[in-house]
Amino acid sequence: MRRSVVVVGGSIAGSSLAYFLAKEGVDVLVIEKNNEIGLKPCAGYIPRFLFKYFEIDGIRTKIKEMKTVFPSGKEYFSSMRGFIVDRRTFDRGVAEQACAEGAEYIIGERVIKVHGNNVYTTKNKFEAEIIVGCDGINSIVGNEIAKVPDASLYAITAQYETIFKIDDESVAETYFNVEYAPGSYVWIYPTGERSAKVGLGVVPKLAKKSAKEYLDAFINEKIVKAKKIAFSSAPLPLYALRDRIVKDNMLIIGDSASTTDPISGAGISSAVFSSKIACRAIIRALEEENLNELLFYEKKIRDLLGKRLNHSLNKRIIVNEAYSSNEVLESKLKETWIAFDEYWQDLTKQLSHNKKV
Ligand SMILES: Cc1cc2nc3c(=O)[nH]c(=O)nc-3n(C[C@H](O)[C@H](O)[C@H](O)COP(=O)(O)OP(=O)(O)OC[C@H]3O[C@@H](n4cnc5c(N)ncnc54)[C@H](O)[C@@H]3O)c2cc1C
């Protein structure tokens, strides 16, 4: 049976697309390689506006502020309005809503090849009018569409779920120091009164040891009392959008398209937002029987996310150089970290200039 849409990957991009499409009456099949939905290692910060897309399950804490700690120990507090979610519950909640609207899932089957209208898994072959890659950083569908712009631009993350007494569960902490997390930062995101996700990213070409070793050293120095109850590690794309995100009957969304922010590493909201736009393009393409309608998705994503991602990518290049020493990092932090007005200044100028033009 030929489906209208087959989605490769059932994490947040795949499940939100399945939900949006199924709600519009499109028959959609999601194929997920893992034996369950929601295994993505993630700090789980989501902004409040995601509520407008679907019901949110798995909220652990409500965040009001971000504390940024400079290499010198100086602290800066900024507004940060959102939630920390448990990804397993959050992703499953979206998948449940997709299923309730009629989407189908196949779990525990890896897609090994896509070609034309065919999707080959380790066990089966499926046919689809449109194939969507929501299969993360090493996307099989993405590799059919375009190479990644710079494969050396990525971070390796490591994260523990930990138990220790939290001072203020509405504050998400970030630490910057060349000794803690070269090329990136340490986060302590509270998940309750006595639990937090503690993690970091390192840019491999700047690192002297593994991400896990950096994280263990940070915890031993800063939160000795933390008891570790779970560990995870994953790569994070930092190269901003792939050169193309649509080709023929295929498109890619989320980490597979690399809409992840090259500075903060955040990618959940852009994956959901992109899925919403992709849904519109897919429905038009199916109704008009014209695959060129899928290009609406490429254009909209470049218009709406392209500038911000490029801005972060430019900052990423400065950041990689700033990690030469803590002195340089201290002096560059305000222009390279999202908590500061200085970070946003040139982007705001650019956008207002474009509006005037
Ligand atoms: C440690 C860490 C912390 C993060 N913290 C945050 C945060 O606080 N806030 C935020 O917004 N973002 C965060 N991110 C980024 C965020 O997790 C991702 O941007 C987001 O999960 C992207 O969703 P996605 O669905 O595009 O891809 P993914 O979540 O990577 O999902 C891809 C899915 O595809 C499946 N898959 C892959 N290949 C195949 C195949 N061949 N066949 C079938 N299935 C396949 C995978 O099993 C997986 O389920 C973090 C990332 C990491 C690594």
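Eight strands make up an open sheet in this predicted model, and their pairing is mixed. Across the sheet the order reads β3-β5-β4-β11-β12-β13-β10-β14. β3 (45-47) and β14 occupy the edges with a single partner strand each, so one side of each has no neighbour in the sheet. From one strand to the next, the twist averages 30°. Two members of this sheet, β10 (154-163) and β14 (227-237), also give two or more residues to the shell around the ligand, so let's take the sheet, the ligand and the remaining elements in turn.

**Inside the eight-stranded sheet**

- β10 runs antiparallel to strand β13 (residues 195-202), and eight bridges join them.
- To find this pairing on screen, start at Y160, whose bridge partner in β13 is V198.
- As a reminder for reading any such pair, side chains in a regular strand alternate between the two faces of the sheet.

**Around the ligand**

- The ligand is surrounded by 38 residues, and the closest are G9, S11, G136, G254 and G267.
- Elements giving two or more residues to this shell are α1 (12-23), β2 (28-32), β10 (154-163), β14 (227-237) and α5 (268-288).
- Which classes of residue does the shell hold? It has 16 nonpolar, 16 polar and six charged residues.
- Both domain 1 (2-57 + 85-150 + 242-311) and domain 2 (154-237) take part, each supplying at least three residues to the shell.

**Strands that pair with β9**

- Strand β9 (residues 125-133) pairs in the parallel sense with strand β1 (residues 2-8), over six bridges.
- Within that pairing, R2 has E127 of β9 as its bridge partner.
- β9 also pairs in the parallel sense with strand β16 (residues 250-252), here over three bridges, and G133 is matched with I252 in β16.
- Strand β8 (residues 118-121) runs antiparallel to β9, with three bridges joining them.
- V119 stands opposite F126 of β9.
- β8 and β9 form a hairpin, with three residues between the two strands.

**Helices α1 and α2**

- A pair of packed helices is described by the distance between the axes and the angle between them.
- For α1 and helix α2 (residues 87-100), the axes come within 8 Å and cross at roughly 25°.
- How are these two helices, α1 and α2, oriented to each other: roughly parallel or roughly antiparallel? Angles under 35 degrees count as roughly parallel, and α1 and α2 are therefore roughly parallel to each other.
- The crossing in which α1 passes α2 is left-handed.
- α1 is also one of the elements that give two or more residues to the shell around the ligand.

Methods. Residues numbered from 1 in each chain as written. Predicted model: local features only at pLDDT ≥ 70, side-chain atom pairs only at ≥ 80, totals over all residues. Near = placed C-beta within 6 Å. Helix = DSSP H or I, 4+ residues; strand = E, 2+ residues; numbered from the N terminus. Nonpolar A, V, L, I, M, F, W, Y, C, P; charged D, E, K, R; others polar. Domains from an automatic or database assignment. Pairing = 2+ DSSP bridges. Axes fitted to C-alpha atoms, helices over the stretch in contact; angles between N-to-C directions. Parallel < 35°, antiparallel > 145°, perpendicular 65-115°, else oblique. Left-handed = near helix turned anticlockwise from the far one by under 90°.
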